[in-house]
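Here are some short exercises to work through with the structure open beside you. Try each task on your own, then follow the solution step by step.

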Amino acid sequence: MNTKEGIIINLYNDSMLELAENQLLSFEKVGITKYLSFTTGEYSYHYLKQKGYNVVLYNTDDLQLELDWGSGKFIDMVRLRFKLISELLKEYKSVFYLDVDIVLLKNIEPFFETNIEKCLYIQHDLNMPCIGCMLLHRNDTLCNMLNEIIGFANGNTSLQIIFSHFVKTYNLIFDFFPIETFPNGLIFFGENNIIMNEGNKQLLKLTTDIRNTTKNNFKNKNIFLIHANYMTGTKSKKKAFNDFNLWYL
């Protein structure tokens, strides 16, 4: 492939097959063709391959159950994400990584050419950058940072926290995607679907104006993607998407 091109990717196991297929259907709806869909599960690989998707079997393992957020196995899966991105940045000039609990509403391929001033563009998760949605342009400092994250000692520390730490340590030049057009789960779905702990209740109060703007952008078809984070489990994410007619299976 032309190394000057960018590639959109995801990564999942068999337990996330429904979310992955829903995302791939959203790719089709907005005309995305520059993508590779990576799975660690043989079942999901054969299932999606038969349907004609650009799916790749990657780092196959026996653990294909749904992973508890923050567990050791969950963190291992996140670390695998950075390994995959690092490998692909040797072949492509840009990688746009998306968690499978993201639905696309507009084609993001133009961002490969229009967002090039900085080496990293990332979704705003309110408290910190969100490693579930990020556009990475090949850059020596960025690649060195990814290698350090990959080699970081195993443990139960969130790699999102570690990532934020290394972004500061490496003085990485980055920017956030506009939160009103790249909303996270709290901003878009609000109190009806997210985990309602005290921290999230406070964030809801602080983001009323942003959430209203995001709702208007959704009505006016001016949102690029929606991330169903701030909730756990396929069932809750499926319900959240269903509530807005964004579940396509």
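**Exercise 1. Two cysteines**

Is Cys133 buried or exposed? Once you have decided, work out how many disulfides the structure holds.

*Solution.* A reminder before we start: this is a predicted model.

Step 1. The relative accessibility of Cys133 is 0%, so Cys133 counts as buried.

Step 2. Look for a partner. The nearest cysteine sulfur to that of Cys133 belongs to Cys130, 6.7 Å away. A disulfide would need the two sulfur atoms within 2.5 Å.

Step 3. Turn to the other residue. Cys130 is also buried, because its relative accessible area is 3%, and its closest cysteine sulfur, in Cys133, is too far for a bond at 6.7 Å.

Step 4. Count the disulfides: the structure holds zero.

**Exercise 2. The chain as a whole**

Find how many helices and strands the protein chain has, and what share of its residues is buried.

*Solution.* Step 1. Count the elements: there are ten helices and nine strands.

Step 2. Of the 249 residues in the protein chain, 51% are buried.

Step 3. Now the surface. Its accessible area is about 11800 Å², and carbon and sulfur atoms account for 50% of that.

Step 4. Finally, consider contacts between residues at least 6 apart in sequence: 75% of these join residues at least 24 apart.

**Exercise 3. Reading the sheet**

Trace the order of the strands in the seven-stranded sheet, then name its edge strands.

*Solution.* Step 1. Going across the open sheet, the order is β3-β2-β1-β4-β7-β6-β8, with mixed pairing.

Step 2. The edges are β3 (55-57) and β8 (174-176), each of which pairs on one side only. On average, neighbouring strands are turned by 25° against each other, ignoring direction.

Step 3. Begin at the β3 edge. Three bridges link β3 in the parallel sense to β2 (residues 35-39), and Phe38 has Val56 in β3 as its bridge partner.

Step 4. Add a helix. α1 (residues 17-30) lies across β1 (6-12), β2 and β4 (94-98), and runs at about 160° to β1.

**Exercise 4. Both sides of β6**

Which strands pair with β6, and in what sense? Look at the turn that follows β6 as well.

*Solution.* Step 1. Take β7: it pairs with β6 in the antiparallel sense over five bridges. Here Tyr121 stands opposite Leu135 in β7.

Step 2. Take β8: it runs parallel to β6, joined by three bridges, and Ile122 stands opposite Phe176 in β8.

Step 3. Check the cover. Four of the five residues of β6 are buried, so this strand is mostly covered.

Step 4. Follow the chain from β6 into β7. The two strands form a hairpin with four residues between them. Leu126 lies in that loop, between β6 (120-124) and β7 (129-137), and its phi is positive, near 75°, although the residue is not glycine. Leu126 counts as partly exposed because its relative accessibility is 21%, where buried would mean under 20%.

**Exercise 5. The two faces of α2**

Which residues of helix α2 are buried, and which exposed residues does the opposite face carry?

*Solution.* Step 1. List the buried residues of α2 (residues 42-50): Ser44, Tyr45 and Leu48.

Step 2. Ask how they are arranged. They cover an arc of only 105° around the axis, and therefore sit on the same side of α2. This fits a general rule: an α-helix has 3.6 residues a turn, so residues three or four places apart point the same way.

Step 3. Find the cover. The elements over these buried residues include β1, α1, β2 and β3.

Step 4. Turn to the face away from the buried side, which carries the exposed residues Tyr43 and Gln50.

Step 5. Leave the helix. Just after α2, Gly52 has a positive phi of about 90°.

**Exercise 6. One more positive phi**

Where does Asn245 lie, and is Asn245 buried or exposed?

*Solution.* Step 1. Asn245 lies in the segment after α10 (234-243).

Step 2. Its phi is near 55°, a positive value in a residue other than glycine.

Step 3. With a relative accessible area of 66%, Asn245 is exposed.

Definitions and conventions
Residues numbered from 1 in each chain as written. Predicted model: local features only at pLDDT ≥ 70, side-chain atom pairs only at ≥ 80, totals over all residues. Heavy atoms only, no water. Buried < 20%, exposed > 50% of the residue type's maximum accessible area, 1.4 Å probe, protein only. Pairing = 2+ DSSP bridges. Axes fitted to C-alpha atoms, helices over the stretch in contact; angles between N-to-C directions. Contact = heavy atoms within 4.5 Å. Arc of directions from axis to C-beta. Areas by Shrake-Rupley, 256 points an atom, 1.4 Å probe, with all protein chains shown as cover.
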